[in-house]
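Take a moment with the sequence and the model below before reading on. The paragraphs that follow move from the arrangement of strands to the overall outline of the chain, and then to a few local details.

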Amino acid sequence: MAAKIKKGDRVVVLTGKDKGRQGAVLKVLPKDNRVVVEGLNMVQRHTRPTQFDPQGGIKNKEASIHLSNVAIVDSNGKPTRVGFKVEGDKKVRIAKTTGEVING
C-alpha cells in the first residue's frame with residue numbers, strides 16, 4: 001500500500017500528551033506503523049560516556065508516535081485524511097478536506 005504520510009510532511013497530533021501540536025516528520029517506520037515527529041513526544045534517555053559523547057548524561061530525544069495518532073495538515077492548517085488520485089500517469093496524494101494535491 002502506498003504511504004499516506006512521508007518524511008517532511010507537516011502533521012498534527014490527534015491524541016496523547018502532545019494533542020494539537022504540529023511538527024515535521026523526521027522519520028517513518030513503515031514496519032511498525034509509526035512516525036518520529038520533530039520536537040514532539042520527547043523522552044529522556046540516560047546515556048553513558050562514549051568517545052563520540054565524552055560527557056554522557058541525560059539526553060532528550062523524540063520517540064515514535066503511532067500513525068493512527070497523527071494527521072497531515074492541509075493548506076488551511078486543519079487535520080485531513082489522505083486519498084489518492086491518478087493524474088496523467090502519476091499517482092498523487094490528495095487532501096480529503098480541500099481536494100488539493102499534497103507535495104505534488
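In this predicted model, six strands make up an open sheet with antiparallel pairing, and their order across the sheet is S6-S3-S2-S1-S7-S8. Strand S6, covering 64–66, and strand S8, covering 79–80, stand at the edges with a single partner strand each, so one side of each of these strands is left without a neighbour in the sheet. Strands of a sheet are held in pairs by hydrogen bonds of the backbone, in either a parallel or an antiparallel sense.

How many bridges link the edge strand S6 to S3? Strand S3, which takes in residues 34–37, pairs with S6 over three bridges in the antiparallel sense. Within this pairing, Val35 has Ile65 of S6 as its bridge partner, while Val36 stands opposite Ser64 in S6. On its other pairing, S3 is joined by four bridges to strand S2 (residues 22–29), and these two strands also run antiparallel. Here Val36 appears again, since Lys27 stands opposite Val36 in S3, and Val36 is therefore placed opposite a residue in each of the two pairings, namely Lys27 and Ser64 in S6. The strands S2 and S3 form a hairpin with four residues between them, and in its turn Asn33 has a positive phi of about 55°.

A second hairpin is built from S9 and S10, with two residues between the strands, and Gly88 in this turn has a positive phi of about 70°. Strand S9 (residues 82–87) and strand S10 (residues 90–95) run antiparallel and are joined by six bridges, one example being Lys85, whose bridge partner in S10 is Val92. This part of the chain also holds a contact between a charge and a ring, for Lys91 lies over the face of Phe84 at 4.8 Å from the ring centre. Pairs between aromatic rings, by contrast, are absent, as a search of the whole structure finds zero of them.

Seen as a whole, the protein chain has 10 strands and zero helices, and its elements from the N terminus on are β-β-β-β-β-β-β-β-β-β. The C-alpha trace spans about 55 × 30 × 20 Å along its principal axes. The radius of gyration of the protein chain is 17 Å, whereas a compact globule of 104 residues would have one near 13 Å.

One last feature is a pocket. The second largest pocket holds about 160 Å³ of space and is lined by 13 residues, with Ile72, Val73, Asp74, Ser75 and Ile102 lying nearest its centre. In character the lining is mixed, being divided into five nonpolar, four polar and four charged residues.

Notes:
Residues are numbered from 1 along each chain as its sequence is written. This is a predicted model: local features need pLDDT of at least 70, side-chain atom pairs count only at pLDDT 80 or more; totals for chains, interfaces and linings use all residues. Side-chain values use heavy atoms; hydrogens and water are left out. Rings of Phe, Tyr and Trp (its six-membered ring) pair if their centres lie within 6.5 Å; planes under 30 degrees apart count as stacked, over 60 as edge-to-face and the rest as tilted. A charge sits over a ring if NZ of Lys or CZ of Arg is within 6 Å of the ring centre and within 35 degrees of the ring normal. On a 1 Å grid over the protein atoms alone, a cavity is a set of points where a 1.4 Å probe fits but cannot get out, and a pocket is an open set with protein on both sides within 12 Å along at least five of seven lines; lining residues have an atom within 4 Å of a point. Grid points are joined across faces, edges and corners, and a volume is the space filled by probe spheres set on the points. Ala, Val, Leu, Ile, Met, Phe, Trp, Tyr, Cys and Pro count as nonpolar, Asp, Glu, Lys and Arg as charged, and the others, Gly among them, as polar. Two strands pair if DSSP finds at least two bridges between them. The radius of gyration is taken over C-alpha atoms; the globule rule is 2.2 Å times the number of residues to the power 0.38.
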